[in-house]
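I opened this one at the bench with a fresh page and a cup of coffee. Here is what I looked up, in the order I went through it.

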Amino acid sequence: MNRQQKILGEGLGFDDVMLVPLRSTIRSRYSGEIETTAPIAKDAPPIAVPIISANMDTVTGWRMATLMANLGGFGVIHRFMSIEEQVNEVRKVKERMRVLEDRPPVIRCDATIQDARRLLTVRERGYVILYEGEAFNGEFVGIATPRDFDAGRPDMPLSEVMTPRNRIHTVPQGTSLEDAVRVMRQHRVEKMPMVGADGKLIGVYTTKDYKLYNQYPLASLDNRGRLLVGAAIGVQRGEIERALALTEAEVDVLVLDIAHGGLDYTQEILHRLKIQEGVKTPIVAGNVASTDGAKYVRDSGADGVKVGVGPGYVCETRDVAGVGIPQITAIMNAAEAFAHDSDPLPIIGDGGIRKPGDVAKAIAAGAHTVMVGSLFAGTEESPGEPVDQDGMLKKMVRGMASSTAFEKRLALGSTTTSADEYVPEGRTTFTPYKGSASKVLKKLRGGLLSGMSYSDAHTIAEMHEKAQFIIVRTPAMPEQRRPLQS
Ligand code: XMP
């Protein structure tokens, strides 16, 4: 190998470049002329705000994922918990809202009030649909709500407190949510079953869902009007079961969480899940940073690629292993890898986002979306409680390859590495508590809109095409040492 083959060139990080202000036709970033909708993965619904909260255990659990999806982004639930717990977190997000509940909680009318309460702790709905006979086949005899439960004793059959079918107002198949809400207001009810011509239940509209739907106009929704959510899986034993259980829970995107996506594991797991197990859920794989790495992930059958080796705030891979590619170059490498593809893989720029302007830069470099970890870690919706440190409220943020995260993995039995052998490539630290993640998301989105307006980009595709960088010759500060600003 000669010198040129050995040294591949120069790498650019976020601080090494700035976007060039271009002649722009966009009057204002608030004028609604800019559309930031972007794909996360092939065959997954696109999201309106191209920002994803990272699958780190100090960043994304169900609360963060719910908030992100409500506001048009996306959250990937971390995998440092049991399969049951992770599935439960996914369910919690999926159960949050829907346009029409086509799988309402159903229970026999001779079951007790206590049984119904138990069912609702799992399903988190404000009503149960009651039926007679062996199994529910769409025919229902009544509806009962917690208010009805309060009217009886726990061991009383539901039939004694329910509103019977002949007193329930319904709407016919095809009625829109808005029309159903009009009927609900007219009759002063909050639940409205939709029935087919055969009288069988098709689904249930509720005023609660309607309110949520209006409260979050950008919400990231699946084709049943439920919030989108992702979940991370690993490569160790038990992870195929994890992936299958998450798929069963109707997670929208699986994220194969490997620090080095160029390993054989990527191909093996994708093959096993997609070919052998027939999993249809889109799978994002990574992380890669080179052109070859991105092509390898694509050719292994992934539906999206996560790009970033070493830029993370709590990441120590560049120090410990001496490995990494500055993030702007890494994203450009992936974009170049797919430049001639007829249907290029969506690119997630993962890590290194410290300031709103970094989002615009990542997308200008070719990312469709960005994944953000530490900036979201100190927020209300991230897992864990704030702690008082010298009079200042802080929350923990840690690398998933840190020693404290490793201890958790050992306790969960999800690693085969021994503690004696393990060398961390991530750190544990504390970040100031900053209130709701919605504030952070708002700033990041605002920065993106502004960067796009300077670049005359009405869409993410135009941002890829038109945006230009200038290299700034200031001493670059390694991405993971740059202070968090939000
Ligand atoms: P930010 O900068 O947003 O980056 O906090 C989030 C991303 O950092 C990666 N990550 C790690 N990388 N060692 C690493 O080398 C770690 O321990 C570690 N933990 C997280 C990950 O890609 C995440 O999305």
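**Ground rule for strands.** I call two strands paired if DSSP finds at least two bridges between them. I also kept in mind that this is a predicted model.

**Entry 1, the barrel.** With that rule I checked S13 and strand S14 (residues 304-307), and they pair in the parallel sense over 4 bridges. I picked out one rung: Val 284 has Gly 304 in S14 as its bridge partner. Then I followed the sheet around and found a closed barrel of 8 strands, S2-S3-S11-S12-S13-S14-S15-S16, with parallel pairing. On average, neighbouring strands of this sheet are turned by 30 degrees against each other, direction ignored.

**Entry 2, a cis bond in S13.** I stayed on S13 for its backbone. Most peptide bonds are trans. The bond from Gly 286 to Asn 287, however, is cis, and its omega is near -5 degrees. I placed Asn 287 in strand S13 (residues 283-288), which is the strand that pairs with S14.

**Entry 3, the other sheet.** Next I looked at an open sheet, where 4 strands come in the order S4-S5-S6-S7 with mixed pairing. Which strands stand at the edges? They are S4 and strand S7 (163-164), and each has a single partner strand, so one side of each is left without a neighbour in the sheet.

I took the pairs one by one. Strand S4 (residues 106-108) is joined to S5 by 3 bridges, and the two run parallel. Here Ile 107 stands opposite Leu 130 in S5. Strand S6 (residues 142-144) pairs with S7 in the antiparallel sense, over 2 bridges. For Gly 142, the bridge partner in S7 is Pro 164.

I also asked myself which way the side chains of S5 point. Val 128 and Leu 130 point one way, Ile 129 and Tyr 131 point the other way, and all are buried.

**Entry 4, two positive phi values.** Most residues other than glycine have a negative phi. I noted two glutamates with positive values. Glu 124 has a phi near 50 degrees, and it is found in the loop between helix H4 (113-123) and strand S5 (128-131). Is Glu 124 buried or partly exposed? Glu 124 counts as partly exposed because its relative accessibility is 33%, and the cut-off for buried is under 20%.

Glu 250 has a phi near 65 degrees. I found Glu 250 in the loop between helix H8 (239-248) and strand S12 (253-257). With a relative accessible area of 28%, Glu 250 is partly exposed too. S12 is one of the barrel strands.

**Entry 5, the ligand.** I finished at the ligand, which has 21 residues around it. Which of them come nearest? They are Cys 315, Thr 317, Asp 350, Ser 374 and Ala 401. By class, I have 8 nonpolar, 10 polar and 3 charged residues in the shell.

I wrote down three contacts to ligand oxygen:

- Ser 374 has a side-chain N or O atom 2.6 Å from an oxygen atom of the ligand.
- Ala 401 has a polar backbone atom 2.6 Å from an oxygen atom of the ligand.
- Tyr 313 has a backbone N or O atom 2.9 Å from an oxygen atom of the ligand.

Last, I looked up the cover: the ligand taken alone exposes 520 Å², and the protein buries 89% of that.

Key:
Residues are numbered from 1 along each chain as its sequence is written. This is a predicted model: local features need pLDDT of at least 70, side-chain atom pairs count only at pLDDT 80 or more; totals for chains, interfaces and linings use all residues. Side-chain values use heavy atoms; hydrogens and water are left out. Buried means under 20% relative accessible area, exposed over 50%, partly exposed in between (1.4 Å probe, protein chains only). A residue is near a molecule or strand if one of its heavy atoms lies within 4 Å of it. A polar contact is a pair of N or O atoms within 3.5 Å; within protein, one must be able to donate a hydrogen and the other to accept it, and residues adjacent in sequence count only if both atoms are side-chain atoms. Accessible areas come from the Shrake-Rupley method with a 1.4 Å probe; for residues, only the protein chains shown count as cover. Ala, Val, Leu, Ile, Met, Phe, Trp, Tyr, Cys and Pro count as nonpolar, Asp, Glu, Lys and Arg as charged, and the others, Gly among them, as polar. Axes are lines fitted to C-alpha atoms, for helices over the stretch in contact, and angles run from 0 to 180 degrees between N-to-C directions.
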